[in-house]
Amino acid sequence: MKQKLIQVLPEVSKPARYTDGELHAYHKDWRQTTVKMALAFPDTYEIGMGNLGFQILYHIINQRQDSLAERVYMPWVDMQEKMKEAGLPLTALESGQPLADFDIVGFTLQYELSFSNIVKMLDLAGIPRLSAQRDSRHPLVIAGGPCAFNPEPLADFLDCAVLGDGEEVIHELLDAVTSCKEQQLSRGDTLLKLAWIPGVYVPQFYEIKYTNQGKIKTIRTTEAAVPSTIVKRVVADLDQAPFPDRIVVPYIQTVHDRAIVEVMRGCTRGCRFCQAGMIYRPVRERSVETVKRQARQLLDSTGYEQVSLTSLSTGDYSKVEQLVTELAAECRRRGVSVSLPSLRVDSFSVKQAVEIEKFKKTGLTFAPEAGTQRLRDVINKNVREEDLYEAVDAAFASGWFQIKLYFMIGLPTETWADLDGIAALAGNVLEIGRRRIPKGGRKPIVNVSVASFVPKPGTPFQWEAFNDQEVLLAKYNYLRKQLRHGGINFSAHDVRASYLEAVFARGDRRLGRVLARAVDLGCQFDGWKEHFRYDLWMEAFRDEYIDSEFYAYRKRQADEVFPWEHLSSGVSRKFLWLERERAYQGVTTGDCRFAKCTGCCVCQDLGVANMLKGGDGDQ
Amino acid sequence: MGISSSVRLRFSVGETGRYISHLDILRLMGRAVRRAQLPIAYSQGFSPTPKLAFASTLPVGLTSEAEYVDLQLRTGIDCQTVQARLNSVLPEGFRFLAGADLPERYPALMSLITTACYQIRVLGDAPELAQRIVGLMAQDQLMIVVKRKHKEKQVNIRALIDSLVYDAPLRQIELQCASGVKSNLRPMDLLPLLGLGLGDVLIHRSALLIKTDAGEFLTPFDVLKE
Ligand code: SF4
Ligand code: SF4
């Protein structure tokens, strides 16, 4: 199989995506291993390789005697064609074994626009699309990642989905599959066993009934033994969680091609649009010592020239100053640089950024998200304009000349005044740059990047409507006019892609038919501008008699039964609704990490707590 | 065996390395040097890069057993140790095969190279290839089209070819041609003249040589013995 694949390589773009043999890739013996799992990433090699969670799982599974994990990424379209010509199915990178020969195929659900690629990958692998069509000869098709909190559009395709942190549950899953294999259990019995594992959701054991208006009436279990609610898994102490001392180092440049250490998981800032900030609660930090040790081990084993401290909001790490200072000093001796991917205006001193990135004046990014204080209060984005100006002032003063600002439009309660606010803010930042950068220095550049707000499951805004496409376009045009300045670059996200994301983010099982149809029509790589075919998607909706606007534009009722009602991140629905009410009142909610518990219920219900390692606010 | 602060190494690029671009090989070697914890010298400046000097850029798609790199070290280690330590941390597509200590002063490797040898393995049938090659070599003008920055140019490459023979039983073309900063022929540019496409062959670089004024061909190691 591998030999045949090698023969088509000269004729495809970026063949090194498919060659394997990278440093620290595992090549385990198939005959000596009981359970074989393919980790599948529904996007290109370059994007998938940058995913830390994927690398962690790869490592954990391969550390087990009885199991092996291999990787597979979505082949680019030219490769798909060559595979088709040569009659080759989708194979795993390491062994070249067909995906269909694995016991488990586990997909990463990173974003909604990769759903079509998942279906396409099943097709390329020759694995029957639907769970109902598969039997004991086929692999179990499972999924995890942020979109697993509403995997319903994929419900018919998946055998199970895993909610929350994967480090512990993966072992339980592999153990269960091993024992089912040994006992030669049927497909149905195997799934019943898996449904017993906390955090594992087997969609086929849940029956959805709809009302006459097409809303969900009830979600009921069809088997007595399965739980009525699946609660996410959560690793209580990140210092105890396994972390790879080596990761696969690609031959070719990929996104995040550097050593990545996760300094903490979860964020309790409570921005009301933010799904990650809700579903990954509570905050669990690694200790400074652990982070430094892991960074050291990774640098030793990979030889990377840069280490990145990652998390949802690294600037909020309780000992960020100490960590960065100590790590930067150590790295300087090695000729290695440190980077922080997420800067916060109000918690991260630009001084620190200056300290660590002085040699690369690429550009600093800030995310005020909304243009006025009023709207920032609505979305609970705790950024004050003065702080932002102070931060960019310091940045310009210390040699940066490029600032990137992220905003969202289409947020609940937004008015034109909020758009004016975006323009004013960007203009002020530019003005500060002009004043600050000394004569003869480079001209300041402000890059304004604007995306459309997409209501996400499990957030206080899960009840909200996605803004009308026409209206969004008008807003973009308005902004573009307002921002027509020398020195300001404006970039807008594709409204139609956001619309599709909005449909699928809160979609239910009925969308599975549309998904299948869209893939038949040729949809794939929806996240890639050059491949996104909105027209084909709309055709798929028409063909299946499904109204996409019902999913995107409809404001949900207070008592709406959501498609993900039975899937829990531990954050209570009551809290989310309360937060929504407070949004409309323009009342902000504090960060429970630094002040009192704000009552989202994760800690109480899951028996965990915010864990600020050695920070002053340790609780 | 001398202790030197610079070493010259020869390495191979295998099957899994053939699609790695020169830039990626540079990065890969830099990382290997860090993993091996060799006392490499770094360039000055804000983002220091290890001092590695390569003999040539291997075109993407080729394997090779004749790539050379000079490493400048901060303290003296003998070349065997350097070679062994690097080999223990390299990914599967790359291997160091030989090494030599460098004298204190030596010219940049890249500027020395004049010639390369290639083995071009023909995958399918090519019945007329032998005659075709004889015919080509009898001419004193061989024009090919090369693309340089969106412009197409006709060039006569006859003078760049030292020898071109076909080994029919092995189905292998042996090519020796100019390679280096002064004049250079990329083996794949020759394929159209042979009636072959990129997918029809596997190209392997078997030697990188330095032509002396006396017309002798020396390897980058031989040249050190002069
Ligand atoms: S700071 Fe806000 S947007 Fe960022 S991760 Fe936390 S909750 Fe989400
Ligand atoms: S339960 Fe309280 S302390 Fe725990 S994450 Fe929720 S709001 Fe914060």
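Chain B of this predicted model has a secondary structure of six helices and eleven strands, where helices (H or I, at least four residues) and strands (E, at least two) are DSSP runs numbered from the N terminus. Residues are numbered from 1 along each chain as its sequence is written, while chains are lettered from A and ligands numbered from 1 in the order in which they are written. Since the model is predicted, local features need pLDDT of at least 70 and side-chain atom pairs count only at pLDDT 80 or more, whereas totals for chains, interfaces and linings use all residues; side-chain values use heavy atoms, with hydrogens and water left out.

Along the principal axes, the C-alpha atoms of chain B fill a box of roughly 55 × 40 × 40 Å. The radius of gyration of chain B is 19 Å, which agrees with the value near 17 Å for a compact globule with 226 residues; this radius is taken over C-alpha atoms, and the globule rule is 2.2 Å times the number of residues to the power 0.38. Of the 226 residues in chain B, 48% are buried. Buried here means under 20% relative accessible area, exposed means over 50%, and partly exposed is in between (1.4 Å probe, protein chains only). As for contacts (heavy atoms within 4.5 Å), 72% of those in chain B with a separation of 6 or more are between residues 24 or more positions apart.

One loop of chain B deserves a look. The loop between β8 (161-167) and β9 (172-178) holds B:R171, and B:L170 sits in the loop between β8 and β9 too. B:R171 is not a glycine, yet its phi is positive, near 55 degrees. B:R171 is partly exposed, at a relative accessible area of 33%, and B:L170 also counts as partly exposed, at 42%. From B:L170 to B:V69 the C-alpha atoms are 31 Å apart, with these positions 101 residues apart along the chain.

Over in chain A, there are 21 helices and 19 strands. The C-alpha trace of chain A spans about 70 × 65 × 55 Å along its principal axes. With 619 residues, a compact globule would have a radius of gyration near 25 Å, and the 24 Å of chain A agrees with that. Buried residues account for 61% of the 619 residues in chain A, and 77% of the contacts with a separation of 6 or more join residues 24 or more positions apart. A buried example is A:H59, with a relative accessible area of 9%, in helix α3 (residues 52-63) of chain A. Beyond its neighbours within four places in sequence, A:H59 is in contact with A:Y26, A:P244, A:D245 and A:R246.

Ligand 2 comes next. Its shell takes in residues with a heavy atom within 4 Å of the ligand, namely A:R281, A:C592, A:C597, A:T598, A:G599, A:C600, A:C601, A:V602, A:C603, A:Q604 and A:N610. By class, this shell has six nonpolar, four polar and one charged residue; Ala, Val, Leu, Ile, Met, Phe, Trp, Tyr, Cys and Pro count as nonpolar, Asp, Glu, Lys and Arg as charged, and the others, Gly among them, as polar. Two members of the shell also have backbone features to point out. A:R281 leads into A:P282 through a cis peptide bond, with omega near -10 degrees, and A:P282 is in the loop between α8 (275-279) and β12 (284-285) of chain A. A:C601 shows a positive phi of about 85 degrees despite not being a glycine. A:C601 belongs to the loop between α20 (573-585) and α21 (602-606) of chain A and is partly exposed, at a relative accessible area of 25%.Finally, there is the empty space inside. Rolling a probe the size of a water molecule over the atoms shows where such space is left. On a 1 Å grid over the protein atoms alone, a cavity is a set of points where a 1.4 Å probe fits but cannot get out, and lining residues have an atom within 4 Å of a point. Grid points are joined across faces, edges and corners, and a volume is the space filled by probe spheres set on the points. The count comes to nine cavities of 30 Å³ or more. The largest cavity has a volume of about 160 Å³. Its lining has 16 residues, with A:Y18, A:Y73, A:L90, A:T91 and A:L93 nearest the centre. Two or more lining residues come from each of β2 (67-73) and α4 (77-86) of chain A. The lining divides into 13 nonpolar, one polar and two charged residues. The second largest cavity holds about 100 Å³ of space. Among its 13 lining residues, A:V249, A:P250, A:Y251, B:L28 and B:R31 are closest to the centre.

Conventions. 1 Å grid on protein atoms, 1.4 Å probe; cavity = no way out; pocket = protein on both sides within 12 Å on 5 of 7 lines; lining within 4 Å.
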